[in-house]
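I opened this model to note its fold, its main pocket and a few single residues. The entries follow in the order I looked things up.

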Amino acid sequence: MPIVMRLDVMLARRKRKSKDLARAVGITEANLSLLKSGKVQGVRFATLEAICRELDCQPGDLLEYVAGDEDDRRRVG
């Protein structure tokens with residue numbers, strides 16, 4: 001998938017634990033784990049906003065576009 005979640009990197013930079021962030025944002029630890037691993041197809045803007053607020057970061061600090069191979073581009077278009 002061309003969008004990569006960098007939440008684990010930001011958590012490490014901010015020296016925060018996943019369970020504490022999940023509690024502060026109001027989502028389950030399981031859902032935060034799925035976000036960290038990139039195994040979700042989407043994220044609500046309200047959740048993204050809360051994560052950014054708690055980690056004092058921008059959405060671009062959490063999400064990165066990585067150009068995929070030719071097969072990825074055909075599936076999207």
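Entry 1, a backbone outlier. I started with Asp 56, which counts as exposed at 62% relative accessibility. The structure is a predicted model, and I read every value below with that in mind. I placed Asp 56 in the loop between H4 and helix H5 (59–62). Its phi is near 50 degrees, which is positive although Asp 56 is a residue other than glycine.

Entry 2, another positive phi. I looked up Lys 15 and found a phi of about 55 degrees, again positive in a residue that is not a glycine. Lys 15 sits in the loop between helix H1 (7–13) and helix H2 (18–25). I asked whether Lys 15 is buried or exposed. Its relative accessible area is 75%, and the cut-off for exposed is over 50%, so Lys 15 is exposed.

Entry 3, the fold. I counted 6 helices and 2 strands in the protein chain. Along the sequence I read the order as β-α-α-α-α-α-β-α. For contacts between residues at least 6 apart in sequence, I noted that 61% join residues at least 24 apart.

Entry 4, burial and surface. The protein chain has 77 residues, and I noted 26% of them as buried. The chain exposes about 5,600 Å², and I recorded that carbon and sulfur atoms supply 49% of that area.

Entry 5, a helix residue. I turned to Thr 47, which lies in helix H4 (residues 45–55). Why does Thr 47 count as buried? Its relative accessible area is 15% and buried means under 20%, so Thr 47 falls in that class. I then listed what Thr 47 touches, leaving out residues up to four places away in sequence: Val 25, Ile 27 and Leu 35. Of these, I noted that Val 25 belongs to helix H2 (18–25).

Entry 6, the pocket. I looked up the largest pocket and wrote down a volume of about 210 Å³. Which residues lie nearest its centre? They are Ile 3, Val 40, Gln 41, Gly 42 and Leu 63, out of 11 residues in the lining. Strand S1 (residues 3–5) gives the largest share of that lining, with 3 residues. By residue class I recorded 8 nonpolar, 3 polar and no charged residues in the lining. Among the residues nearest the centre, I noted that Ile 3 falls within the range of strand S1 (residues 3–5).

Technical notes
Residues are numbered from 1 along each chain as its sequence is written. This is a predicted model: local features need pLDDT of at least 70, side-chain atom pairs count only at pLDDT 80 or more; totals for chains, interfaces and linings use all residues. Side-chain values use heavy atoms; hydrogens and water are left out. Helices (H or I, at least four residues) and strands (E, at least two) are DSSP runs, numbered from the N terminus. Buried means under 20% relative accessible area, exposed over 50%, partly exposed in between (1.4 Å probe, protein chains only). Contact means heavy atoms within 4.5 Å. Accessible areas come from the Shrake-Rupley method with a 1.4 Å probe; for residues, only the protein chains shown count as cover. On a 1 Å grid over the protein atoms alone, a cavity is a set of points where a 1.4 Å probe fits but cannot get out, and a pocket is an open set with protein on both sides within 12 Å along at least five of seven lines; lining residues have an atom within 4 Å of a point. Grid points are joined across faces, edges and corners, and a volume is the space filled by probe spheres set on the points. Ala, Val, Leu, Ile, Met, Phe, Trp, Tyr, Cys and Pro count as nonpolar, Asp, Glu, Lys and Arg as charged, and the others, Gly among them, as polar.
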